[in-house]
Amino acid sequence: MIHDWVLVETLGNEPLVVAQGHRTKNLIPISAFLRRNPHLMAVQTAIGETVRARQGLSSITPKNDRVIRTEVVQMTDGRIHGVHVWIGPPDMEPPERPLPGPLMWDLNTGTATATEESLLNSGWDPQREAMQNRTFADDLPMRELNPSEAKVLTMAIKREPGTIFCSTWDVNDYRGEPITVGFVTRTVLESDGDGPDRLLCRAMNWRSEPDPEVPPQDHLAQRILNGLAQPGVHRALVDPTNWTLLKWLDDPAPFFDWRVSLAGEHAVHPADRREMERMASEFATGSATGVLRMTGIGDSEWAPVHVTVNRVELDDDVYVALATLRRPNESES
């Protein structure tokens, strides 16, 4: 019998278990997770009814010996990302429910939408963070590397509907405290009926527990990254298909407004478009360097930025741009 809240992702053909209590589970079909449970069909029915009703429900099993309680995980646009399920005796109260956080990336526009719960679970301070029109770089851990980040970045770059991924990351929250974050994300193609289809990554996250069976993480890549850091130089990973900023590897650059317009080509001075096209062409076969005028900070309309981009292979034939950004010197301006 399960007496923890079980979180299921409901965007596919069958609900998939992604967490039991605070323990992350790797996309286990609910039919396999409850294969010996006599209340499997009742749980499946409760999940389906919860998604259709868009609200939590309470039901009794046919033999009146168990209560099934559900709660929805609903994105701000109304879409249900998942359902929390608890089953137990009628005289038992469920334990305190961990609050999953829904979030969404729009792969067409390069924008992310968060919720208060998703920000809290990620270790951000919801009082200081925007929830709408975030960049991908706002949502991915800055400066810290996690072993599975390449898979998440590959999902954002390849943009293949139906791709799903579940994992945990160890990060530090805004207070500097270490936390473990579980998450699941799925790429979906959706139509709102009024315009072109949108390609989205719909996700949920939750505060997880470290898996004692997983060996300690090798931090060699992080140590190398830190060892190559230079004052005044800011490195980031960028989607080469539309020059959208994905992740900061150093502290974000303070000398231009990297959040404006989100997609890089729209944040560059119109007169520098040809220079940007040249750099894109050179990047296709190696690396490229140039000075681009980016959206400035405060009263400065444009800020010159020295940009070097190098190709980094994330997966087979999937490349990301490693961008190195700094202020240009006098001879480069």
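## Two residues with positive phi

Let's start in a loop: Trp 243 sits between strands β13 (234-239) and β14 (244-248). This is a predicted model, and in it Trp 243 has a positive phi of about 60 degrees even though it is not a glycine. Is Trp 243 buried or exposed? With a relative accessible area of 18%, Trp 243 counts as buried, because the cut-off for that label is under 20%.

Asp 317 also has a positive phi of about 60 degrees without being a glycine. You'll find Asp 317 in the loop that links β16 (302-315) to β17 (318-326). Its relative accessible area is 67%, so Asp 317 is exposed.

## The overall build

Stepping back, the protein has seven helices and 17 strands. Its C-alpha atoms fill a box of roughly 80 × 50 × 40 Å along the principal axes. For 333 residues, a compact globule would have a radius of gyration near 20 Å, and the 22 Å found here agrees with that.

How much of the protein counts as buried? The figure is 48% of the 333 residues. As for contacts between residues at least 6 apart in sequence, 51% of them join residues at least 24 apart.

## The second largest pocket

Now for some empty space: the second largest pocket has a volume of about 680 Å³. It is lined by 32 residues, and the closest to its centre are Ser 122, Trp 124, Asp 139, Leu 140 and Pro 141. Several elements give two or more residues to this lining, among them the helices α3 (116-122), α4 (136-139) and α5 (149-158). Strands on that list include β7 (101-106), β10 (164-172) and β11 (178-190).

Which element gives the most to the lining of this pocket? That would be β12, with four residues. Sorted by class, the lining of the second largest pocket has 19 nonpolar, six polar and seven charged residues.

## Arg 202, a buried charge

Strand β12 is also the place of Arg 202. Arg 202 is buried, with a relative accessible area of 2%. What does the Arg 202 side chain make polar contacts with? One partner is the side chain of Asp 77, at 2.6 Å, and another is the side chain of His 81, at 3.0 Å.

Leaving aside neighbours within four places in sequence, Arg 202 is in contact with a longer list of residues, including Leu 11, Met 75, Arg 79, Leu 103 and Met 104. Val 184, Thr 185, Arg 186, Val 188 and Glu 190 are also among the contacts of Arg 202.

How values were computed
Residues numbered from 1 in each chain as written. Predicted model: local features only at pLDDT ≥ 70, side-chain atom pairs only at ≥ 80, totals over all residues. Heavy atoms only, no water. 1 Å grid on protein atoms, 1.4 Å probe; cavity = no way out; pocket = protein on both sides within 12 Å on 5 of 7 lines; lining within 4 Å. Points joined across faces, edges and corners; volume = space filled by probe spheres on them. Nonpolar A, V, L, I, M, F, W, Y, C, P; charged D, E, K, R; others polar. Buried < 20%, exposed > 50% of the residue type's maximum accessible area, 1.4 Å probe, protein only. Polar contact = N/O pair within 3.5 Å; in protein donor to acceptor, adjacent residues only side chain to side chain. Contact = heavy atoms within 4.5 Å. Rg over C-alpha atoms; globule rule 2.2 N^0.38 Å.
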